[in-house]
Amino acid sequence: MRILGRIVGVRSTKQSVGIKVGGFLPRHHINGRIYGRIHGVERMVTMKVRWSIYVLVCCVLLCLTGCGSNKEAQRSVLRVGVVLYTQDDPFINALTDCLKEDLEDYETDSLKIIMTVRDGKNDQKLQDEVVEEILDAGCDILVVDLVDRTEPSNIIKMAKNENIPVIFFNREPVREDLMQWDKLYYVGGDARQSGTMQGEIAAQVIRTDHSVDRNADGKIQYVLLEGETGHQDAIIRTDSVVKTLQEQGITLEKLSYQFANWNRGQAENKMTQLIHHYGDEIELVLSNNDEMAMGAVAAYEASGYPKENRPVIFGIDGLDSALDAIQNDLIQGTVYNDRAGQAEQISRLAMDLFQGKELEGYDFENERYIFLPYQKVTAANVEEFLNR
Ligand code: BGC
Ligand code: CA
């Protein structure tokens, strides 16, 4: 029995039990009968042990594969398909980063969230195809920044066929389109407010710093960098910033309006031409976004204009580069476009729609639109916005 005990004890080693037994009881030291009995026991034990090892290995394999995937299978999966108008827009990319973080925060042991980001490459037809691919691959919620905000119909049709809710953001579809189906939503900023705030900040700077009116003619000669034809933010910001400045008693003289498609490089080119044309006549640059304001800064840096001959420059978005430029007095103000708040609303809506919850606690306008407020940013409060 002691032998058995020792033989059984061998189970835990990876060596063959037979060899181990031989090691404990060299066969030539034992007579035939005993050898026969021991040999029989040995064979029986070997089989038992083999069987036990087999069962053990099966258990381990089952736990490694079976139990794991069982647990995974119990974990429900939310697949969020994010389709951008382009992946080449710093504001949109910053918002997308916030969205990714927010969705990650919603993950639990019982819910896995997969967010896929695709590029519409500034082409509505291509964006429609990308949406089709995403729907084919399997998707629970679509989040779309339209290339052309007047052309959401194909996307709406495809999503409706598959019963997949769509949260549009940043580029606002008209109400008629959003009312085509009850699972369509929009999250964005209040465009009018951003223009008004930009006008208020600019008016404040112009009133307090008389050197802005460099030629002291009582008028402010200005250029305006516009985002994009047809984009609600470009149209409304342009309109409301000018109106606000006038309402605030600033006399404006328009030199030129230029489209630069929200883009820093294009704005730098346009601004370089304007500098060649108008020289230091330009006293104010109003830009529909920060990227184009930074393009204007780059044009002035490259032109070698001394700071005192440069205009005051204002952007919108509150991107890090613009905050930095405010701290260095390269631009004089911006308006914070609440990317964090918008991402937060998109992720919450995505979760609630996925889980089929009542949509409670949302500040809807026109039933399906959520507009987040903007905030003014100047040298006085820029620190509050750093590292948001
Ligand atoms: C932002 C811009 C951005 C544009 C894209 C606007 O709301 O202010 O920076 O390029 O949206 O659609
Ligand atoms: Ca002037």
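These questions and answers go through a predicted model, with its metal site, its other ligand and some single residues.

Q: Which residues are the protein donors of the calcium ion (ligand 2), and how far from it do they lie?
A: The donor residues follow the spacing D-x1-N-x1-D-x1-K-x1-Q-x61-E in sequence. They are D213, N215, D217, K219, Q221 and E283, with K219 giving its O atom and E283 listed twice through OE. The donors lie 2.2 to 2.5 Å from the ion.

Q: How many residues apart in sequence are the parts that D213 and E283 tie together?
A: Both D213 and E283 are donors to the calcium ion (ligand 2), and both are buried. D213 lies in the loop between α8 (191–208) and β6 (220–226), while E283 lies in the loop between α10 (264–278) and β8 (284–287). The pair therefore ties together parts whose separation in sequence is 70 residues.

Q: Where does ligand 1 sit?
A: Residues surrounding ligand 1 include Y85, F91, R171, W262 and D317. The protein covers 99% of the 310 Å² of accessible area that ligand 1 has on its own. Its place is the largest cavity.

Q: What distance separates an oxygen atom of ligand 1 from an N or O atom in the side chain of N170?
A: N170, H231 and N337 are among the residues around ligand 1. For H231, an N or O atom of the side chain is 2.9 Å from an oxygen atom of the ligand. For N337, a polar side-chain atom is 3.5 Å from a ligand oxygen. For N170, the corresponding distance is 2.5 Å.

Q: Is V205 buried or exposed?
A: V205 is part of helix α8. Its C-alpha atom is 8.6 Å from that of V312, a residue 107 positions away along the chain. The relative accessibility of V205 is 17%, and the cut-off for buried is under 20%, so V205 counts as buried.

Q: What is the phi of N163 near?
A: N163 is in the loop between α6 (153–162) and β4 (166–169). With a relative accessible area of 43%, N163 is partly exposed. Most residues other than glycine have a negative phi. N163 is not glycine, yet its phi is positive, near 60°.

Q: Is A216 buried or exposed?
A: A216 is found in the loop between α8 and β6, and D213 lies in that loop too. The phi of A216 is positive, near 50°, in a residue other than glycine. Its relative accessible area is 63%, and exposed means over 50%, so A216 is exposed.

Methods:
Residues numbered from 1 in each chain as written. Chains lettered and ligands numbered in written order. Predicted model: local features only at pLDDT ≥ 70, side-chain atom pairs only at ≥ 80, totals over all residues. Heavy atoms only, no water. Donors = N, O, S within 2.8 Å, 3.2 Å for Na, K, Ca; no water. Helix = DSSP H or I, 4+ residues; strand = E, 2+ residues; numbered from the N terminus. Buried < 20%, exposed > 50% of the residue type's maximum accessible area, 1.4 Å probe, protein only. Near = heavy atom within 4 Å. Polar contact = N/O pair within 3.5 Å; in protein donor to acceptor, adjacent residues only side chain to side chain. Areas by Shrake-Rupley, 256 points an atom, 1.4 Å probe, with all protein chains shown as cover. 1 Å grid on protein atoms, 1.4 Å probe; cavity = no way out; pocket = protein on both sides within 12 Å on 5 of 7 lines; lining within 4 Å. Sits in = over half its atoms within 2 Å of the grid points.
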